[in-house]
Amino acid sequence: MIGTALIVVAGLKAEDPKPAAPPQKLVKRLLALHTSDAAEYAIYRDSGHTEKLELRRESIYNWTNVLRGGGQSGDVFVWLYRGRPEAVGSIFSYPGEKASGQRTILHELHTLSPQILQPVRGGANRWQPKAGIVLKPISDAPSSAESPRLRLVQMRELARGFSAQSIDYDHKTWELRMLPQPLYRYDSTDPMVIDGALFAYVTSAGTDPEVILLLDARQTDGGPKWHYAICRFSDHDLHVKLKGTEIW
């Protein structure tokens with residue numbers, strides 16, 4: 001398992017019919033399967049394993065992509081520290097060989113922590129982040145608002161200033177669309193973190209997130225400032241712009 005995505009999302013042609021959603025009964029069964037896999041990770045913020053992240057066992061987002069692997073279905077989970085997500089993962093699966101009756105399961109994981117995370121999991125496949133995430137200030141953003149409601153308005157406006165593109169293996173460019181609702185809004189008990197949320201950008205081919213944007217309102221020496229970080233969840237080439245200028 002690595003910190004970037006393991007899947008490729010093919011694009012729908014304009015004349016293609018809209019993919020059908022999987023049966024609700026199957027979605028519930030897969031949620032239990034994906035949650036069980038997410039729970040296999042014990043993730044720590046320190047090498048001494050004294051600061052453990054808490055898995056939020058409820059999926060923050062369910063997605064499907066019927067164009068890949070005979071029908072992919074996935075769930076996004078977060079691991080929290082003092083209320084702030086410090087890791088995000090998409091656990092997804094698709095049908096294996098018909099004769100086996102089993103599914104192939106994949107894990108996509110990305111750090112959201114400024115610390116170098118120390119995940120622990122049994123088995124041959126391990127996730128071993130090499131660095132913490134770098135939060136960058138949004139230079140022209142307003143100071144964070146006083147009320148949670150107004151801060152959410154600010155975050156949505158800030159997120160709309162970002163745009164993302166995916167370039168597939170055939171060198172075709174796909175514009176990614178931002179989901180209007182945050183994947184996850186958090187309330188941290190860290191006095192340096194005022195507010196924050198995760199936003200997802202998806203292709204027209206499905207609803208699985210290709211790019212996740214983290215927005216943090218943090219206390220600084222110059223007062224409260226908005227910061228951002230970009231998380232890759234695709235093996236296509238990705239480009240992200242802020243107000244028309246490529247930043248990532």
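**Briefing: helix 2, three loop residues and model confidence**

Arg149, Glu157 and Arg160 are exposed on the other side of helix 2 from its buried residues. The model is predicted. Its mean pLDDT is 87, and 88% of the residues reach 70 or more. The points below cover helix 2, a buried arginine in a loop, two residues with positive phi, and the N-terminal stretch with weak confidence.

**Helix 2**

- Helix 2 runs over residues 148-160, which makes 13 residues.
- From first C-alpha to last, helix 2 reaches 18 Å, close to the 18 Å expected at 1.5 Å a residue.
- Its buried residues are Arg151, Leu152, Gln154, Met155, Leu158 and Ala159.
- These buried residues lie on the same side of helix 2, because they cover an arc of only 160° around the axis.
- An α-helix has 3.6 residues a turn, so residues three or four places apart point the same way.
- Strands supply cover for the buried residues of helix 2: among them are strand 9 (162-167), strand 10 (173-178) and strand 11 (184-186).
- The cover also includes strand 12 (193-202), strand 13 (209-220) and strand 14 (223-232).

**Arg121: a buried loop residue**

- Arg121 sits in the loop between strand 7 (118-120) and strand 8 (136-137).
- With a relative accessible area of 17%, Arg121 counts as buried, because the cut-off is under 20%.
- Its side chain makes a polar contact with the side chain of Glu40, at 3.0 Å.

**Positive phi in two loops**

- Most residues other than glycine have a negative phi.
- His49 is not a glycine, yet its phi is positive, at about 60°.
- The loop that holds His49 lies between strand 1 (42-44) and strand 2 (54-55).
- His49 is partly exposed, at 37% relative accessibility.
- Arg82, also a residue other than glycine, has a positive phi near 55°.
- Arg82 belongs to the loop between strand 4 (72-81) and strand 5 (84-95).
- The relative accessible area of Arg82 is 42%, so this residue is partly exposed.

**Where confidence drops**

- Over residues 1-19, pLDDT stays under 50.
- The model nonetheless has 55 contacts beyond four places in sequence for residues 1-19.
- Where pLDDT is low, the predicted coordinates should not be read in detail.

Methods. Residues numbered from 1 in each chain as written. Predicted model: local features only at pLDDT ≥ 70, side-chain atom pairs only at ≥ 80, totals over all residues. Heavy atoms only, no water. Helix = DSSP H or I, 4+ residues; strand = E, 2+ residues; numbered from the N terminus. Expected span 1.5 Å × (residues − 1). Buried < 20%, exposed > 50% of the residue type's maximum accessible area, 1.4 Å probe, protein only. Arc of directions from axis to C-beta. Contact = heavy atoms within 4.5 Å. Polar contact = N/O pair within 3.5 Å; in protein donor to acceptor, adjacent residues only side chain to side chain. pLDDT = per-residue confidence, 0-100.
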